[in-house]
Amino acid sequence: MGQDCVLLLGDVGARAVYLVETPTSFGRGSGESSNVELRWRRGTVMSSTVQRAAEKALTERYEALLRVSQNLISIRSSEELFSVLARDLRAVVSFYVMGIGIYDEKAHELRLTSYGEPGDPLQVPKLAPEETFTWWVYQHQQPLIIPSLHVETRFPAVVEMLKNRGVRSVCVLPLTTVHRRLGGLALGSIEVDAYSKEEVSFLSLLANQVALAVDSALNFDASQHAQETLRAAMSERTRLAAVRAEIGMALARKDTLRGILHICAEAMVRHLDAAFARIWTLNSEGHELELQASAGMYTRLDGRYSRIPFGQFKIGLIAQERIAYLTNEVQDDSRIDDKDWARNEKMISFAGYPLVVEDRIVGVMGMFSQKLLTESTLNTLSFLADGIAQGIGRKHAEDRLQLLLDVTNQVVSNLQLHDLLRAISASIRRVMHCDLVSVCLPDSDVNRLQTFVLDFPESKGFIREEFFTPIEGSLSGSVFSSSKLWNGKDSDILQLGLKDEAAIPEGLKTGCILPLVSRNRVLGVLCLGRREENAFSQDDIEFLTQVAGQIAIAIENASAYRQVEHARAELEKAFEEIKRLKDRLQDENLVLREQIDQALMFEEIVGASPALRAVLSRVSKVAPTDSTVLLTGETGTGKELIARAIHKRSRRFSRAFVSVNCAAIPSSLIASELFGHEKGAFTGATQRRLGRFELAEEGTLFLDEVGELPAETQITLLRVLQEHEFERVGGNQPILANVRLIAATNRDLEAAIAAGTFRSDLFYRLNVFPIEIPPLRERQEDIPLLVEYFIAHFARKAGKSFRGINKKTLDLLLSYPWPGNIRELQNVVERSVIVCETENFSVDESWLSRRPLSTEPKGTLKLSHTLAAREKETIEAALRESRGRVSGPSGAAAKLGIHRSTLESKITSLKIDKYRFKTASASKNS
């Protein structure tokens, strides 16, 4: 352009800028003026052209940025996003290397990804977050510009790595959204000072778009990970629920122990990837584990591992150490003795778990698998082991309890001695796992014993019924003479010099002989023998001593019966003897019932009726769990006592049992009572107060009369059951609730739901495990036991003693319907103890009014009688239609839409004879 005009052009943002330098003097004539004007116009035209070109280039750059942004948003995976970024960003900005750093603040870890010029990923060494560019921009939230890496000293490790790759300048921008900080985006150039202020402004806009895409991808990754975790957890939970359900049903079956455990082993094979599973139980001596169940590849119960010594092999060690064992290296494990078998069968893993009941080892469960097992398998086994162990212990107790009940029932109902002892012997042999059970009685010749009854299916003929044994020089004769039991092995017999004992050729290895003693008189002996070297334990001896006592009573009763038959002439005297024997039998039955209560571990609950046993059976099943229980039944039936029994047998028994009567607390204070309140929450709240939920932490909370809760408290209680947290009144901090909830009511909650006074969602949350407590009129068998218990209790407090119960009084108490249930019975007995002055306990009949209580005014009695008559007609019509059936889906209670116990109460109060409808139906059918 010459010396007179210099045009300087440059691109600043979106504007083209030019400078024109002209001479200082404009007075050289018109020619020179024209030249200057021409040059000025030419500069203007060139400036306009450059400006349009710059604007077009800038527009194309922003359009490219828009396309890249739209492409990035559509990418879901973070790994794919970083790869696309390295490829597509070159259309928007020039760089030699690119890096993205994502910082995890919780873990204090930095995830670095770097790409070279062709878009290929680069290896990045493990660096501490503080050593990186990303950490700096993450903390300062502003761009980091390094014009020359040769003079940079703050990041030595990163700078050295980039310099080795030829990078000379760097621009790092924070990746941040409105929701959170993510990390940083770094661009490196092989040019010095490659990033101007205007370029950094554009790159900041680019970083915002990249941050949105990265945030979206990270959220997607987190969502995918959460879904995978949830799917795995749900799968494990489903599998655990299935196997627990199958084993729970197996334990509830009325079957032999082997049958129950076989179903449990099959469930383990189906649901736990087991090639085969086995369950052993510890014998009564505690020296040996006996194989009870095997499922999968191997189902036989004999063989090398059918009996395992305690403390030997892997199973015996698990029992000895009481520690679960898991290995995924079966073929190299020192506890696996047959490694060739493991390799041939391609076994990979083994898991075993001890079966423990009340700190007492009862067995071991184990499984082999051809797949890898995880710790979750061991956790699953822990759940199952507790249930199976409890089932084994319960089965043993039930078998022995049933034997006692059978013996007692036989003693009471059967006076034919031979039939009675044969039935008892068969039951003893089954429960005690014996080969021989016999009862020997003295012959008319007092010098010998006769085998009166023998239960020995596999006898070799050396011992038979009607077999005579001399008292002198025989083991059973020694027990009969000394009244002392014998328990030992065949070697002990030989050491005593009794070589002629028939037990030796019969092959019996262990035995036990107990004297049958009644009133200090030996009536005979009870003999038990086993062909296995499995001696009788001390627990066995104590149990058999009780059985022997019952057999002695049976023998004595039968003897008395024969005397009565042969002495009709002395009827009066015989009658007195029978009465005395019956009284003694009643005393023995009371002792037996106490033993039954102890065996069931419900010593605080009096009764042995089928209805009560059904309730206690459900209590035993639900107590070890943390499930919510809803107790229903009439008032006075002992719901709180059942709730305490559940708590006592739960895992929370060492923690507090907190009881709340919801009907006794005003509705304005119930929320504060249950959940507590903060200081100043309301007038009178002068200090913070803990609620019942906090007092019952890790224990049990019993809500009696839960149907009386006001609506607003029902909502709060529902939240506690759903979310396991609550807030104090006047507080805003959630408090976690680790409480087992038991609720009780005598109201019909379903009717309350229909009436709109009780929430249906709360009902379903409470009704997880319902237990209905039967009224006393359905437990008539328990009334004598309860009366005797209350008499003893109140007589002791009053300093009195009673010789017995007047028979008329007992009949009166048995016939009375007890609308107030056990509470009414307790009050009547207490009142009678106070006023009774005779040796035999009696009750004033006038105290037991059979008229239903009424609080109606006299003016409404006529209407009440009319309504009662109509109600009676309705109930009778329903009974007629259901043929006298009250309960069940086709029963009268279902037809009337009311609870069975409520209908029974109305039938009693309206004096309806429901049995005549059954009779009428039978007559009609005939």
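**Exercise 1. A sheet and the helices across it**

Determine which strands helix H10 (residues 417-432) lies across, and at what angle helix H10 runs to strand E16. Then describe the sheet formed in the order E17-E16-E15-E20-E19-E18.

*Solution.* Helix H10 lies across strand E15 (436-442), strand E16 and strand E20 (521-530), and runs at about 65° to E16. The model is a predicted one, in which local features need pLDDT of at least 70 and side-chain atom pairs count only at pLDDT 80 or more, while totals for chains, interfaces and linings use all residues. Residues are numbered from 1 along each chain as its sequence is written, and side-chain values use heavy atoms, with hydrogens and water left out.

Some terms are needed here. Helices (H or I, at least four residues) and strands (E, at least two) are DSSP runs numbered from the N terminus. Contact means heavy atoms within 4.5 Å. Axes are lines fitted to C-alpha atoms, for helices over the stretch in contact, and angles run from 0 to 180 degrees between N-to-C directions.

Step 1 concerns a further helix: helix H11 (residues 475-482) lies across E15, E16, E17, E18, strand E19 (510-518) and E20, and runs at about 145° to E20.

Step 2 is the sheet itself, which is open, has 6 strands and is paired in the antiparallel sense; two strands pair if DSSP finds at least two bridges between them. Strand E17 (468-470) and strand E18 (486-489) stand at the edges with a single partner strand each, so one side of each has no neighbour in the sheet. From one strand to the next, the twist averages 25°.

Step 3 looks at one edge, where strand E16 (residues 448-455) and E17 are joined by 3 bridges in the antiparallel sense, and leucine 449 stands opposite threonine 469 in E17.

**Exercise 2. The packing of helix H22**

Find how helix H22 (residues 783-798) packs with helix H24 (residues 821-835), and with helix H23 (residues 807-815).

*Solution.* Two packed helices are described by the angle between their axes and the distance between the axes.

Step 1: for H22 and H24 the angle is about 45°, and the axes are 9 Å apart. The two helices are therefore oblique to each other, given that angles under 35 degrees count as roughly parallel, over 145 as roughly antiparallel, 65 to 115 as roughly perpendicular and the rest as oblique. H22 passes H24 in a right-handed crossing, meaning that the near helix is turned clockwise from the far one by less than a right angle, whereas an anticlockwise turn is left-handed.

Step 2: the residues making this contact include Leu786, Phe790 and Phe794 of H22, with Leu825, Gln826 and Glu830 among those of H24. By class they divide into 11 nonpolar, 1 polar and 1 charged, where Ala, Val, Leu, Ile, Met, Phe, Trp, Tyr, Cys and Pro count as nonpolar, Asp, Glu, Lys and Arg as charged, and the others, Gly among them, as polar.

Step 3: H22 and H23 pack at about 120° with axes 10 Å apart, and this pair is therefore oblique, also with a right-handed crossing. Ile783, Pro784 and Val787 of H22 meet Leu810, Leu813 and Leu814 of H23, and the contact has 6 nonpolar, no polar and no charged residues.

**Exercise 3. Strand E7 and its partners**

Establish how many of the residues of strand E7 (residues 169-176) are buried, and how E7 pairs with strand E8 (residues 181-189).

*Solution.* Step 1: 7 of the 8 residues of E7 are buried (under 20% relative accessible area; exposed is over 50%, partly exposed in between; 1.4 Å probe, protein chains only), so E7 is largely enclosed by the rest of the structure.

Step 2: E7 pairs with strand E6 (residues 144-146) in the antiparallel sense over 3 bridges, with leucine 144 opposite valine 172. With E8 the pairing is antiparallel over 8 bridges, cysteine 171 has leucine 187 as its bridge partner, and 4 residues lie between the two strands of this hairpin.

**Exercise 4. Two loop residues**

State where histidine 108 is found, and whether lysine 346 is buried or exposed.

*Solution.* Most residues other than glycine have a negative phi. Step 1: histidine 108, in the loop between strand E3 (97-104) and strand E4, has a positive phi of about 50° and counts as partly exposed at 34% relative accessibility. Step 2: lysine 346, in the loop between helix H8 (339-344) and strand E13 (349-357), has a positive phi near 60° and is exposed, with a relative accessible area of 62%.
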